[in-house]
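Here are my notes for you to read with the model open beside them. Take the points in order and find each residue as you go.

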Amino acid sequence: MTITTLGPQVRVGKAAIAALGALAAATGALESVVTPTLPLLQRELSMSRAQGALLSVTLLITGALVTPVAGNLGDRHGGKRVMLRLMAVVAAGGLVSSLAPNLPVLLLGQVLEGAMVGAMPLSFILVRKHLSTGESQVAIGVVSGLFVGGGMLGTLMAGPIAEGLSRHWMFAIPTIAVVAATLAVHRLMPDDPPARTDARIDWPGLALLSGVLLTLMLGLSMAPEVGSRPLALAALVVLLAVLVAGWVAVERRSPSPMVDLHLLAKPAIWSSYVVTFAVCVGTSVSMYLVPQLFDVSAAGYGFGADSTDIGRYLLPGAIAGAISGPLGGAAARRFGSSAVVAAGISVMTATLLALAFLHAEVWQLIVGKALIALASGVCITAMVVRTATSVDHENTGTATSLVLVTRVIGFAAGAQISGAILTAGTRPGMDDPAESAFVTGFVVAGIVTALSLLVVRTMNKGAKR
């Protein structure tokens, strides 16, 4: 297909978009291998549970820090140029993880691998520059869906590879796929010229934003223990407020700010972040509660499922999440992002509230989890599409990267809320929480998700047409 870019006409074939999709799938697979094999890694590397928890979130934290930087640099210096360098870091991280003899080295590998999350806004920069508006909406959905699909594949294959070959190969195989896909992007995707040739890196803004995100993630991790450490949590809240105030002051005065605060002030932009956060909180609560409910003893209200059973029960939801990206992109093109998001939120809210009272049968949880995964994926993809098309081309990476960071924060907040609710609902001396704790969790998730409908209409204000 022949597409018009910002400059001269450039022919971008389906193979180039397929290369971006393959890269998204490969990075999704590499990102997901730790979670299902965490018990194995803990045994082989003699890790404590606390060290295992640190390993499971290292990549997530790095991704939250790198993503806005990658998006900003992509806007300024060209998406393809930054992506190739970023993938070199990811490949190095995959190599370090695959050869890691101990936990410190594996943590280093995960820190480097975390750069992969920044590839998503860079992909969105490229599709916006080389595709028409309608085609870019579908392409964003395809890339997002393949990232989720790659994560599903990594989750399913990590255990068999680690047990059949070794833990080293479960990192090495997706790393090889990342390298191959990166070479395909380099060969097939045209270069995109820098949008701001005189741009400088806003180092003070970068440092303060990194501090904000690190403090926020640390505060969320401590939230379930607020009763035992209230002073520490209060100190983090104060520190967060100071860092945010400092970041805003620096960005206002910077001649080349990392994030244009006038951009964030647009209703079409800030409302997208609010909706994304609320939807991800609701999704995260369900992601946490449903497996826990499967695990509860069958002697009570649960099902006593083992890890294999739980994985099989969650597979339909993983498949639904994988197809939600392309579906969301196509639906946004056909019906408009606001209509798609409103429909997705309505389905999510109804399903979460239904699960609060209908969870006595396995099929109810399977269907509910699949509906939530589908509706959530459609919503998030539509939000990315809306955000990308609401700003100028030179701000695509920055705007969409903040959507992805908001997604990470929303998932982290939802997990901590769920953990706090189940902890509060567990009586002393009991292994399982009371059933009412699960009811409360689903209801809270439904209410938070429903409240996001209040700002959906705001998304259309000030959006580019």
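## Notes on the fold and a few spots inside it

1. Start with the big picture. If you take the contacts in the protein between residues at least 6 apart in sequence, 81% of them join residues at least 24 apart. Keep in mind that this is a predicted model. The protein has 17 helices and two strands. Of its 465 residues, 54% are buried.

2. Next, the core. The largest nonpolar core has 114 residues, and the members that touch the most other members are Leu20, Leu41, Met83, Met87, Val275, Phe294 and Phe442. For background, nonpolar side chains tend to be buried together in soluble globular proteins. Leu20 is a good one to click on: leaving out residues up to four places away in sequence, it touches Met83, Ser123, Leu126, Val127, Val143, Val185 and Met189.

3. Now try helix 6, which covers residues 119–130. How many of its twelve residues are buried? Twelve of the twelve are, so the helix is largely enclosed by the rest of the structure. Don't expect just greasy side chains in there: the buried residues include Ser123, Arg128, Lys129 and His130, along with Leu126 and Val127. Its length checks out too, because twelve residues at 1.5 Å each should span 16 Å, and the end C-alpha atoms are 17 Å apart.

4. Compare that with two other helices. Helix 10 (residues 230–253) has 24 residues, which should span 34 Å at 1.5 Å a residue; the end C-alpha atoms are 35 Å apart, so this agrees. Its buried residues are Leu233, Leu236, Leu243, Trp247 and Glu251. When you look at that list, remember that an α-helix has 3.6 residues a turn, so residues three or four places apart point the same way. Helix 8 (residues 167–188) has 22 residues and reaches 33 Å from first C-alpha to last, close to the expected 32 Å. The buried residues of helix 8 include Arg167, Phe171, Pro174, Val178 and Val185.

5. Have a look at Ser97, in helix 4 (residues 79–99). Is Ser97 buried or exposed? It counts as buried, because its relative accessibility is 0%. Its side chain makes a polar contact with the side chain of Glu113, at 2.7 Å. Setting aside residues up to four places away in sequence, Ser97 touches Leu106, Gly109, Gln110, Glu113 and Phe171.

6. On to the aromatics. Searching the whole structure turns up three aromatic pairs. One of them is Phe294 with Phe303, a tilted pair with 5.9 Å between centres and 55 degrees between the planes. Phe294 counts as buried because its relative accessibility is 0%. Phe294 and Phe303 also belong to one aromatic cluster with Tyr313.

7. Another pair is Tyr301 with Phe438. Why is this pair called edge-to-face? The planes of the rings sit at 65 degrees, with the centres 5.9 Å apart, so the pair falls in that class; the cut-off is over 60 degrees. The pair links distant parts of the chain, 137 residues apart: Tyr301 is in the loop between helix 12 (267–295) and helix 13 (307–335), while Phe438 is in helix 17 (residues 435–451). Phe438 counts as buried, at 0% relative accessibility.

8. Stay on Tyr301 for a moment. Apart from neighbours within four places in sequence, Tyr301 is in contact with Leu293, Val296, Pro433, Ala434, Glu435 and Phe438. A polar atom of the Tyr301 side chain lies 2.4 Å from the backbone oxygen of Pro433. Tyr301 and Ala360 are 59 residues apart in sequence, but their C-alpha atoms are 7.1 Å apart in space.

9. Last, the cysteines. How many disulfides does the structure hold? Zero. Take Cys280: the closest cysteine sulfur belongs to Cys379 and is 9.4 Å away, which is too far for a bond. For a disulfide, the sulfurs would have to be within 2.5 Å. Cys379 is likewise in no disulfide, with the sulfur of Cys280 as its nearest cysteine sulfur. Cys280 is buried, with a relative accessible area of 0%, and Cys379 counts as buried at 0% as well.

Conventions. Residues numbered from 1 in each chain as written. Predicted model: local features only at pLDDT ≥ 70, side-chain atom pairs only at ≥ 80, totals over all residues. Heavy atoms only, no water. Phe/Tyr/Trp six-rings, centres within 6.5 Å; stacked < 30°, edge-to-face > 60°. Buried < 20%, exposed > 50% of the residue type's maximum accessible area, 1.4 Å probe, protein only. Helix = DSSP H or I, 4+ residues; strand = E, 2+ residues; numbered from the N terminus. Expected span 1.5 Å × (residues − 1). Polar contact = N/O pair within 3.5 Å; in protein donor to acceptor, adjacent residues only side chain to side chain. Contact = heavy atoms within 4.5 Å. Core = buried A, V, L, I, M, F, W, Y, C linked by side-chain atoms within 4.5 Å.
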